[in-house]
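Me: I would like to learn how to read a ligand site and a helix pair. Please take me through an example.

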Amino acid sequence: MFRNLLKNSKRFASNKSYQVTTYARPDDLYITRGLNAKLYDDVNNREFVDFTAGIAVTALGHSNPEVAQVLFKQASTLMHSSNLYYNTECLKLSEKIIEKTRQLGGQYDASKVFLCNSGSEANEAALKFARKHGISQNKTKQEIVAFENSFHGRTMGALSATANPKYRTPFGDLVPGVHFLNLNDQLTRLQNFVSAKGDQLAGLIVEPIQGEGGVFPVPLETLTGLKKICEAHNIIVIYDEIQCGLSRSGKLWAHAYLPKEAHPDIFTTAKALGNGFPIAATVVNEKVNDALVVGDHGTTYGGNPLACAVGNYVLEVLSDPKFLEQVNKKGETLQNGLRQLQKSFSDQIVDVRGKGLIVGCQFKENPGPVVSKARELGLLIITAGNNTVRFVPPLTIEDETLHQGLSIFAEAVKSVYRS
Ligand SMILES: Cc1ncc(COP(=O)(O)O)c(C=O)c1O
């Protein structure tokens, strides 16, 4: 089969013209298969260490045999039955999300789950739910606070709460009433804004660790202070855990590092929940659920048995305390390795930060050449905002592969800055 792929590489190249022009991809690289933290291009006969995990998705590794088994078994039993009827996998997953969240220090009052198919959709639901709650108090309570550097998705609602002008401006007017604040501002300034606008604000959305924006863990005091002021004005707090959640930060949820009084009213999750199979969830407390009635929101595929069977398996593994322990160990190895490199390249590498296995290495300049060189040498990495290289490998990466990836990265940095 792979020999055929090699023979057909010219044909693949011409097929590229059938895809819309929305992605910048390296020329002549075709991912044909994966195995845990390795990806293979059988068209060009190449092997890569993968520090991207499909953008923080394949937490349990590529081609995970247990996930494949669950998929096969469920596909042979029932793939889809719609939200007209209960399905047992969906009920099991909803319960598991709530139970594991409470057991492992996440949102203490999490109580109900809405299942959907992508991160953007989970945030759309969160924003709609917050608005429904706001409107149920007072018709003017519809506006949203979001933050600079944020990324919440590409659908119109989620995009409206996403700060990056590159993603927003091509599309003209977005959903009105979204206010962007800066998380580096003094807490009192943020609190004053929220307080002054309290009657108009339905919700506040924030990533506890900003991912696309450059891997910035939001300080505990900021989130605690924001929650306090939102609570005083009956504003729904939404934590977007789509990238930083599901054990990537070293705890099941990044907000599990926070005291109870900083817990959200809603949090959203996606990416790793299906290990590559599309699934997402919006988790709410009773206060939010009380504002919802039948017909307020829906989706055809959301909560389908196939996705939920995978989610049930994945969540069980990711929430095992032993699993979390090894994520933290590997996170330390990764950060230590990068800090070591920073010592040798202190003029070029300005910061190393993150939690668990979501780590950013910030350069003084655009790290594009380092990313290209790393790829040439056999390592896949991605950038984030602020000249940052983002490291989000599978959480199951072998120690040996982690070290291999780190040495390739060091070699790429050397090659770019010492040549
Ligand atoms: C924090 C965060 N929120 C939302 C999204 C959007 O998720 P999706 O691409 O599945 O719609 C992403 C995707 O990268 C994300 O990182």
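Reply: Start with one contact, and keep in mind that this is a predicted model. A polar side-chain atom of E212 lies 3.5 Å from an oxygen atom of the ligand.

Me: How far is the polar side-chain atom of K271 from an oxygen atom of the ligand?

Reply: For K271 the distance is 3.0 Å. With G119 the partner is a backbone N or O atom, placed 2.9 Å from a ligand oxygen.

Me: How much of the ligand's accessible area does the protein cover?

Reply: On its own the ligand has 390 Å² of accessible area, and the protein covers 82% of that.

Me: Which residues around the ligand come nearest?

Reply: A residue belongs to this group if one of its heavy atoms lies within 4 Å of the ligand. Here there are 13 such residues, and G119, S120, D240, Q243 and K271 come nearest. By class, seven are polar, four are charged and two are nonpolar.

Me: Which helix gives the largest share of that shell?

Reply: Helix α6, residues 119-137, does, with three residues.

Me: Now the helix pair. At what angle do the axes of α13 and α15 cross?

Reply: The angle is roughly 20°, and the axes come within 11 Å. Helix α13 spans residues 321-344, and helix α15 spans residues 399-417.

Me: Why is α13 called roughly parallel to α15?

Reply: Angles under 35 degrees count as roughly parallel, so the crossing angle makes α13 roughly parallel to α15.

Me: Is the crossing of α13 and α15 left-handed or right-handed?

Reply: The two helices make a right-handed crossing.

Note on methods
Residues numbered from 1 in each chain as written. Predicted model: local features only at pLDDT ≥ 70, side-chain atom pairs only at ≥ 80, totals over all residues. Heavy atoms only, no water. Polar contact = N/O pair within 3.5 Å; in protein donor to acceptor, adjacent residues only side chain to side chain. Areas by Shrake-Rupley, 256 points an atom, 1.4 Å probe, with all protein chains shown as cover. Helix = DSSP H or I, 4+ residues; strand = E, 2+ residues; numbered from the N terminus. Nonpolar A, V, L, I, M, F, W, Y, C, P; charged D, E, K, R; others polar. Axes fitted to C-alpha atoms, helices over the stretch in contact; angles between N-to-C directions. Parallel < 35°, antiparallel > 145°, perpendicular 65-115°, else oblique. Left-handed = near helix turned anticlockwise from the far one by under 90°.
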